[in-house]
Amino acid sequence: MKRSTSKISVQLLSQVAKEFRIADIVISPGSRNAPLSIHFVESGEFSSYSVIDERSAGFVALGMAKKTQLPVMLSCTSGSATANYYPAITEAFYHNIPLLILTADRPVTFVDIFDGQTIRQKDIFKNHVYGGFELLEDSQELAQEKNLEILKKTFSLCIKKQGPVHLNIPLSEPLYQYATLTLPKPRISKQKDHFSYLIAPKDLEEWKKAKRILILVGSQKPSKNLNKYLRNLSIKHKVVVLSENISNVYDRSFFSHIDRYIFGFREEDYLFYTPDLLITIGQNIISKKVKDFLRKSNPKNHWHLDPYWQPNTYFCLTKKIETKAEDFLSPFLKKIESLPEKPKAYYSLWEKLKKIKDEKHEKYTQQVPFSDFMVFDILSGNIPSHYTIHFSNSSSIRYAQLFDFNKNEVYCNRGTSGIEGCTSTAVGFAIKSKNPVVLVTGDISFFYDLNGLWNPYIPSSFRLILINNQEGSIFRIIPGPDKTEPKTLENFIATRHEKTAQHIAKHFDFDYCIVKEKKSLEKYLKHFFTPHQKPKILEISTGHLPNAKVLKDYFSFLG
């Protein structure tokens with residue numbers, strides 16, 4: 001039976017959500033947000049998901065929104081429950097994932113009088129949301145009219161900015177009363193926002209003068225048009241296109257393994273490889289090496305294409321092009337079509353470098369012993385193309401950049417690049433995805449976000465590959481930690497451990513297998529992706545292997 005809460009503010013909230021065609025809400029249990037649970041679940045008009053841990057719930061909602069590209073609502077009770085959303089909110093803010101954070105609260109007069117589960121919730125996320133609003137309680141003067149305006153602003157802003165917006169909702173007791181009458185449908189006029197950029201003569205002049213053009217593509221949703229435009233620039237105009245797995249663009253003419261190619265660059269190399277015109281697309285770049293290269297080389301002109309962010313990542317930004325890359329490149333390609341062909345020398349220089357480094361990569365992978373490095377090489381050839389891959393931070397996504405996962409869609413939480421929530425995000429994405437999802441994760445990320453598996457909605461097609469090297473191996477790779485005392489490195493930085501996922505898999509009802517060498521891994525992978533009544537965990541034990549040495553030797557071999 002369809003029923004609704006007696007709280008007019010919550011009824012109004014749901015009516016506005018329906019008008020904006022927002023269908024999904026992730027709810028964590030509590031009493032103060034009971035009116036939202038009652039209304040959103042019992043009205044039967046929304047897809048409601050119960051996730052107990054608010055930190056995990058935030059990332060589950062983020063994963064769902066990442067897949068649907070539509071806002072997902074989050075509902076929690078008051079107090080510290082609210083604060084647990086913060087890690088997911090920061091990731092959503094820097095990665096432009098639309099989340100509507102609905103935090104139930106005590107009445108305003110209860111704040112700071114030591115009432116239970118009461119903190120200063122209003123504007124708690126103000127540094128990492130695109131807007132913070134608070135509803136009036138039903139008893140306040142003109143509450144319905146004012147709340148309708150607040151709600152329209154909240155939903156419109158979330159959609160326009162494609163990022164998190166916070167709505168705090170004070171609710172007085174009683175909380176469990178049902179309505180005898182429901183509100184009529186509110187009238188809402190929605191405006192569609194368009195990002196546009198007018199190509200200026202100066203843009204074309206800079207393009208014409210540039211003899212060495214480099215496009216660097218960061219984190220990006222898959223786009224066939226963007227891929228097509230970049231291929232045109234690469235093949236017809238001899239533009240060097242650098243990309244990463246999470247760029248979700250690929251062509252044989254692109255340079256898709258940045259660290260493989262630029263490792264070992266010396267200052268004298270900058271003279272040859274520095275572009276006259278740098279064009280960056282999308283958001284975060286994983287490669288620290290390319291950041292270092294571009295910051296030191298200081299290109300003369302740098303254009304950045306993105307509708308939301310125009311960061312001066314490389315300290316040389318000269319033009320902010322605030323629109324989607326596809327919307328800029330489509331007319332721009334038409335304007336440069338009649339211009340003289342670019343010199344081929346710059347592209348040929350990179351092409352020669354690519355050939356040398358690719359041959360060295362192939363030679364090294366043929367002789368490498370079983371290790372984390374080999375595991376990623378094996379995975380790159382065995383994950384089916386219809387699987388969407390989520391990589392966890394931090395060594396997992398870095399290893400992935402060295403290998404070819406270009407037949408898959410690839411995602412990673414690179415907004416803030418934290419390890420928290422990697423599992424929960426992949427699970428949320430899988431819940432809304434028609435295609436199956438595989439998470440490739442390290443052990444610290446996995447154990448840190450165990451509550452990501454405390455979720456009744458995980459599809460049986462979900463696969464989790466745990467590479468357990470029994471520590472945060474990134475700290476054996478990056479420079480610095482090796483200068484600390486062994487006790488400090490082992491216990492406080494790399495955090496060595498002996499845990500496995502065997503009992504965790506049983507607890508959460510996952511199929512489970514552990515392998516410790518190459519032959520077993522290759523044999524099990526043949527069956528790992530076949531249909532099963534349960535989701536599966538494959539644990540690959542590599543803690544007994546010299547993983548850091550193998551990776552360092554790889555880069556030394558590349559020269």
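**A walk from helix α1 to the cores and loops**

Helices α1 and α2 are oblique to each other, because their axes cross at about 45° and an angle counts as oblique when it falls outside the roughly parallel, antiparallel and perpendicular ranges. Keep in mind as you turn the view that this is a predicted model. Helix α1 covers residues 8-19 and α2 covers residues 34-42, with the two axes 10 Å apart. The crossing of this pair is right-handed. If you colour the residues that meet here, α1 brings Val10, Gln11, Leu13 and Ser14, while α2 brings Pro35, Leu36, His39 and Phe40. Sorted by class, this contact has five nonpolar and three polar residues, and no charged ones.

Stay with α1 and look for its other partner, α6, which spans residues 143-161. Here the axes come within 10 Å and cross at roughly 40°, so α1 and α6 are likewise described as oblique to each other. The crossing of α1 with α6 is right-handed too. On the α1 side, the contact uses Ile8, Ser9, Leu12, Leu13, Val16 and Ala17; on the α6 side, it uses Gln144, Asn147, Leu148, Leu151 and Phe155. These residues divide into eight nonpolar and three polar, again with no charged residue. The spacing along each helix is worth a glance: an α-helix has 3.6 residues a turn, so residues three or four places apart point the same way. Leu13 is a nice residue to pause on, since it belongs to the contact with α2 and also to the contact with α6.

Now let us move to the interior. The largest nonpolar core holds 42 residues, and the members that touch the most others are Val26, Phe446, Leu453 and Phe462. Helix α3, residues 54-68, gives the most to this core, with six residues. Phe446 makes a good vantage point: beyond its neighbours within four places in sequence, Phe446 is in contact with Thr423, Thr441, Leu453, Leu464, Leu466, Ala501, Ile504 and Ile537. Apart from this core lies another, of 41 residues, among them Ile397, Val515, Val550 and Leu558.

Helix α14, residues 372-380, offers another view of the interior. Eight of its nine residues are buried, so α14 is largely enclosed by the rest of the structure. The buried residues are Asp372, Phe373, Met374, Val375, Phe376, Ile378, Leu379 and Ser380.

To finish, take a tour of some loops with notable backbone geometry. Two cis peptide bonds are worth finding. One runs from Glu173 to Pro174, with omega near 5°, and Pro174 sits in the loop between β6 (165-170) and α7 (201-209). The other joins Asn393 to Ser394, also with omega near 5°; you will find Ser394 in the loop that links β12 (388-391) and α15 (395-400).

Positive phi values are the next thing to look for. Lys238 has phi near 55°, a positive value in a residue other than glycine, and its place is in the loop between α8 (224-237) and β8 (240-243). Is Lys238 buried or exposed? Its relative accessible area is 25%, and because buried means under 20% and exposed over 50%, Lys238 counts as partly exposed. Asn298 likewise has a positive phi near 55°, and it lies in the loop between α11 (288-297) and β10 (301-305).

Conventions:
Residues numbered from 1 in each chain as written. Predicted model: local features only at pLDDT ≥ 70, side-chain atom pairs only at ≥ 80, totals over all residues. Heavy atoms only, no water. Helix = DSSP H or I, 4+ residues; strand = E, 2+ residues; numbered from the N terminus. Buried < 20%, exposed > 50% of the residue type's maximum accessible area, 1.4 Å probe, protein only. Core = buried A, V, L, I, M, F, W, Y, C linked by side-chain atoms within 4.5 Å. Contact = heavy atoms within 4.5 Å. Axes fitted to C-alpha atoms, helices over the stretch in contact; angles between N-to-C directions. Parallel < 35°, antiparallel > 145°, perpendicular 65-115°, else oblique. Left-handed = near helix turned anticlockwise from the far one by under 90°. Nonpolar A, V, L, I, M, F, W, Y, C, P; charged D, E, K, R; others polar.
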